[in-house]
Every structure is written in C-alpha cells, then in structure tokens.
Amino acid sequence: MNKILLCCAAGMSTSMLVQRMEKYAAQNHIDVEINAIAFDEFSEQIPHYDICLLGPQIKYKLAEFKAIADELHKPVAVINMMDYGMMNGEKILNDSLKMITSEEAK
C-alpha cells in the first residue's frame, strides 16, 4: 500500500483534498493511505510515508523539506496550483503514484 502525506499551513485545506483523493482511490480500487498535516509536523511524519505533497501556499518550504526527505529517499513536491484550487483529487493522486513509482525505480 502506498502512503501519501499532504502538508499545508494548518492541514485544513489539504484535508478536503484528501477526501477527494480517497474517494477516487475507492472508486478505482487503489490501495492507498492519505493523510493531511500541518507543516510543523513534517519531520516527525515523513519517515512513515512514501511521498509528501505540499500545498501551494507553503511552496517556500520545498527546499527545506526536500533536504530532509532526500536523506530518506522520499520524493517531495508542490501540488500544482490549478489542481489544488480545483481539488482535482484524481490527477493529484495519479501524479503522486507516478512519483512514488519513479522513486522506487531508482
């Protein structure tokens, strides 16, 4: 099972996105665990996940978080602003799974 972590300023806006992603996953029989957290929980939580996606509002944290995640060989990316604004759970989930697969292939 793939485990996806979404991270934003307080974990609230990404919680709505998690629901959309989980709905799409359930409809398509994709075995995945998705959680949303506030950015101050990143260091504590990233070891337990395969990937972390940042809300566009905290893209300034990318370099800091990527340095931590790189040590654990875990991808970190900023969610596309358009996909985030549209709460496009399908695209964001599929993009996440591609990134996980790409990292595993290394």
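How many bridges link strand 3 and strand 4, and in which sense do the two strands pair? They pair in the parallel sense, over three bridges. One of the pairings to look for puts Leu-53 opposite its bridge partner Ala-77 in strand 4. Keep in mind that you're looking at a predicted model.

**The sheet**

Now zoom out a little. Four strands make up an open sheet, lined up in the order 2-1-3-4, with parallel pairing. Strand 2 and strand 4 stand at the edges with a single partner strand each, so each has one side without a neighbour in the sheet. Neighbouring strands are also turned against each other, by 25° on average if you ignore direction. As a bit of background, strands in a sheet pair through backbone hydrogen bonds, in either a parallel or an antiparallel way.

**Helix 5 on the sheet**

Helix 5 packs on this sheet and touches strand 1, strand 2, strand 3 and strand 4. Its direction makes about 120° with that of strand 1. Helix 5 runs through residues 89-105, which is 17 residues, and reaches 24 Å from its first C-alpha to its last, close to the 24 Å expected.

Which residues of helix 5 are buried? They are Gly-89, Ile-92, Leu-93, Ser-96, Leu-97 and Ile-100. These residues cover an arc of only 135° around the axis, which puts them on the same side of helix 5. The spacing helps you see the pattern: an α-helix has 3.6 residues a turn, so residues three or four places apart point the same way. Over on the other side of helix 5, Lys-98, Thr-101 and Ala-105 are exposed.

So what sits on top of the buried residues of helix 5? The cover includes the elements in this table:

| Element | Residues |
|---|---|
| Strand 1 | 2-8 |
| Helix 1 | 13-27 |
| Strand 2 | 32-38 |
| Strand 3 | 51-54 |
| Helix 4 | 81-85 |

**The whole chain**

Step back once more and you can count five helices and four strands in the protein chain. Along the sequence they follow the pattern β-α-β-α-β-α-β-α-α. The radius of gyration is 12 Å, close to the 13 Å the globule rule gives for 106 residues, so the chain is as compact as a globular protein of that length. The C-alpha trace spans about 35 × 30 × 20 Å along its principal axes.

Of the 106 residues, 42% count as buried. As for contacts with a separation of 6 or more, 72% of them are between residues 24 or more positions apart.

Technical notes
Residues numbered from 1 in each chain as written. Predicted model: local features only at pLDDT ≥ 70, side-chain atom pairs only at ≥ 80, totals over all residues. Heavy atoms only, no water. Expected span 1.5 Å × (residues − 1). Buried < 20%, exposed > 50% of the residue type's maximum accessible area, 1.4 Å probe, protein only. Arc of directions from axis to C-beta. Contact = heavy atoms within 4.5 Å. Pairing = 2+ DSSP bridges. Axes fitted to C-alpha atoms, helices over the stretch in contact; angles between N-to-C directions. Rg over C-alpha atoms; globule rule 2.2 N^0.38 Å.
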